[in-house]
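Here is a friendly note to read alongside the picture. Keep the viewer open and look for each element as you go.

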Amino acid sequence: MKIIVLNGSPKGDISVTMQYIKYIQKKFPKHELKIINIAQQINKLEKDLNFFEEVIDEINLSDGVIWAFPLYYHLVSSQYKRFIELIFERKVTNSFKGKYTCALATSIHFQDHTAINYINAICNDLDMNFVDYLSLHMDDLEKESSRKLILTFFENYFNAINHKITTTKSYSKLSYNPIAYKSEPNFNKIATSNKKLTLITDSLENSNLSNMISTFSSFFINDIEIINLQEIDIKGGCLGCIKCGYNYECVYTGKDEFIDFYNNKIRNSDIIIFCGDIRDRYLSSLWKRFFDRSFFNTHTPTITGKQIGFIISGPLTQIPNLKQIFESYTQWQRANLVDFVTDEYSSINDIDDQLYALALKSINLSLADFIKPSTFLGVGGTKIFRDDIYSKLRFPFLADYKAYKKLGIFDFSHNSFKYKIMSTIFLIMTKFPKIKNEIYSNQIKPGMIQKLKKIAEDPNI
């Protein structure tokens, strides 16, 4: 059978992801796996309609499609994202309908699930038969157990095509019929109190989004800065070259405006409001380019202590995956997520109230230097980066290693002398049955709250 592999890596054939595909080609020679370097050739796909149609023709003639991609900032690369947009914009969705498909993702398992969820949902939107996904660590191919697992996965995928196995849909079609929002509300003006508030958008066209931006801006006594990404010279998406790993120097340094814009505007703001329209199951590919290109800071937090808000036009409440992406992004950056506001409300007044609340909370929380403690999204993500930057990724990410030492991110609990001594003592005590029973029956619960109880009841604290 003929399988089209849509390669989502900007590095093309020399990507880690494609080594897995080449392994499958070797192990299943009876099938033709044709690789098309989508992300690497996105400019040609966008400008050359004949080339784009050739790719679609290949998909039409295929028995199946494999979405193979590396993780780029919680999702796929901006170049791959743009190809997905083109599928819908150019109305070629029927070429994907009914095709048996699967996803192969490579990463260090930081937010890989949100990228997979996104692709799975796109496949459902395209009415494809999504068989399964496989998320692999970058070095899994070196392990015999992983190679066996990979072969089993693809054997199952090919069998699903041969036998027309019934597949399930995990995501419903989006339904979005917003009211036309335009308002001139009369609220008490808010002083920014020397806090720098920057609003970033990818469009200022006459739309619900632009009107929400206008309303939000009108709440402040002082002017706030509004920056349109379309007016920033951003030559291209992240290339995955990792040149930035040594000292944050990007391959685009001196070639466009992005790095200066990020350092001068994003880093120097106290409050940042991200504003965008939902395109398929994310924001625009331009927004994705913004996040991908911010990787010149590699895995080092750069918006620590800032207040982050989102104004979004589109069915955000129907895409919890997207909301989780932004929650995770904010948490591992050590910033504070203030809130989301969308145009999904049934009345203009409701949207006005939500926008005003976002404006007021942003200022008040910034003045209070309030940062919510992280949930698993921030804690787990940071630990993944911490462990890999300390060990296998210390090279090439030397800049991260130095920053993590300075920021105290290498906080390995197993290195705590205090806890080692305490654990050793208790392990010895539990060798005696009476002491063990006393500890587990009567001492653990009171012991867990002993210090906290003193603080909670102390009138001087």
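The points below start with a sheet, go on to the helices packed on it, and end with one residue.

1. Please keep in mind that this is a predicted model. A good place to begin is the open sheet of 5 strands, whose order is 7-6-8-9-10 and whose pairing is parallel.

2. Which strands stand at the edges of this sheet? They are strand 7 (225–228) and strand 10 (336–342). Each has a single partner strand, so one side of each is left without a neighbour in the sheet. On average, and ignoring direction, neighbouring strands here are turned by 20 degrees against each other.

3. Now zoom in on one pair. Strand 6 (residues 197–201) runs parallel to strand 7, and the two are joined over 4 bridges. To find one contact point, look for I200: its bridge partner in strand 7 is I227.

4. Next come two helices that pack on the sheet. Helix 11 (residues 320–332) touches strand 8 (271–277), strand 9 (307–313) and strand 10, and its direction makes about 155 degrees with that of strand 10. Helix 12 (residues 348–367) touches strand 6, strand 8, strand 9 and strand 10. The angle between the directions of helix 12 and strand 10 is about 170 degrees.

5. Finally, turn to T17, in helix 1 (residues 16–27). Is T17 buried or exposed? With a relative accessible area of 1%, T17 counts as buried, because the cut-off for that word is under 20%. Leaving aside residues up to four places away in sequence, T17 touches A68, F69, P70, L104 and T106.

Notes: Residues numbered from 1 in each chain as written. Predicted model: local features only at pLDDT ≥ 70, side-chain atom pairs only at ≥ 80, totals over all residues. Heavy atoms only, no water. Pairing = 2+ DSSP bridges. Axes fitted to C-alpha atoms, helices over the stretch in contact; angles between N-to-C directions. Contact = heavy atoms within 4.5 Å. Buried < 20%, exposed > 50% of the residue type's maximum accessible area, 1.4 Å probe, protein only.
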